[in-house]
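Here are my notes on this one, in the order I'd raise them over coffee. Have the viewer open as you read.

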Amino acid sequence: MLPVETQFRLLATLLIKISIITGIASILMRSARFKQLVFATKRTVTEQILLGLYIGMPVGIGVMMRAQFGYAIPDLGVEAALLAGVLGGGVSGVTVAILAALPTYFAHDGAEVLTLPVLVLVGLAGKAAAALAPDIEHIWHFSPFVDMNFYRWVRRRFGKPRGEWLLMF
């Protein structure tokens, strides 16, 4: 079991990340062009790059602030690259990865060299995960609450749980 201080630090970090993601999402979803890009079924390469820029610019600014000022909190590069890869395709994932990795590379004179290749692989993994979906509409039903997804699957597969009356004896 982790010490209480470590648990508190992890919880605080997750809450900060969620609040930042919520703020970025609320700002982006006000744009009609961003909505059009996100909900499009087929995108050209230019539209994929534009979607990557929409997602990657706020994340890149946050990474630049973390790298420049030496904040000890993690940035949202991995999450944003994965999300862009799932929603927009490989080009969007790679665009976000580049925008999230370059500020760290230049701020530390190349000290974080592996950030770019790892984030590019994460963006491409998002594209691969979206390609594994049996239908493109399934990506909109993703939930990080795996236990609830499992419960819904069991409920859908086996119907309502009912008690066995023979167990009473």
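Which helix gives the most to the nonpolar patch? Helix 3 does, with four residues. Keep in mind throughout that this is a predicted model.

1. **The patch itself.** Have a look at the surface made by Ile16, Ile20, Ile61, Met64, Met65, Phe69, Tyr71 and Ile73: together they form a nonpolar patch of about 740 Å². Two elements give two or more residues to this patch, namely helix 1 (4-28) and helix 3 (45-69).

2. **Neighbours in sequence, Met65 and Arg66.** Both belong to helix 3, Met65 as well as Arg66. Are they buried or exposed? Met65 has 38% relative accessibility, so it counts as partly exposed. Arg66 is buried, because its relative accessible area of 15% falls under the 20% cut-off. So the patch member is the partly exposed one, and the arginine beside it is buried.

3. **What Arg66 touches.** Setting aside neighbours within four places in sequence, Arg66 is in contact with Tyr71, Ile73, Pro74, Asp75, Thr104 and Glu112. Tyr71 and Ile73 are also members of the nonpolar patch. There is a link along the chain to note here too: the C-alpha atoms of Arg66 and Pro103 are 9.2 Å apart, although 37 residues separate them in sequence.

4. **Overall make-up.** The protein chain has seven helices and zero strands, so the pattern along the sequence reads α-α-α-α-α-α-α. Of its 169 residues, 27% count as buried. The chain exposes about 12000 Å², and carbon and sulfur atoms supply 71% of that area. As for how the chain comes together, take contacts between residues at least 6 apart in sequence: 59% of them join residues at least 24 apart.

5. **The core.** In soluble globular proteins, nonpolar side chains tend to be buried together. Here the largest nonpolar core has 19 residues, and Phe34, Leu51, Ile55, Val59 and Val96 touch the most other members. At least two residues of this core come from each of helix 1, helix 2 (32-39), helix 3, helix 4 (77-88), helix 5 (90-107) and helix 6 (115-132). Ile55 is a good place to centre the view: beyond its neighbours within four places in sequence, Ile55 contacts Leu28, Phe34, Ala80, Ala84 and Val96.

6. **A buried serine.** Ser92 sits in helix 5. With 0% relative accessibility, Ser92 counts as buried. Which residues does Ser92 touch, not counting those up to four places away in sequence? They are Gln48, Leu51, Gly52 and Ala84. Among these, Leu51 is one of the core residues that touch the most other members, while Ala84 is also a contact of Ile55.

7. **Confidence.** The average pLDDT of the protein chain is 84, and 88% of the residues score at least 70. The stretch to leave alone is 165-169, where the pLDDT is below 50 and the model shows zero contacts beyond near neighbours in sequence. Where pLDDT is low, the predicted coordinates should not be read in detail.

Conventions. Residues numbered from 1 in each chain as written. Predicted model: local features only at pLDDT ≥ 70, side-chain atom pairs only at ≥ 80, totals over all residues. Heavy atoms only, no water. Patch = residues over 30% accessible without salt bridge, like charges linked within 9 Å, V, L, I, M, F, W, Y side chains within 5 Å. Areas by Shrake-Rupley, 256 points an atom, 1.4 Å probe, with all protein chains shown as cover. Salt bridge = Lys/Arg side-chain N within 4 Å of Asp/Glu carboxyl O. Buried < 20%, exposed > 50% of the residue type's maximum accessible area, 1.4 Å probe, protein only. Contact = heavy atoms within 4.5 Å. Core = buried A, V, L, I, M, F, W, Y, C linked by side-chain atoms within 4.5 Å. pLDDT = per-residue confidence, 0-100.
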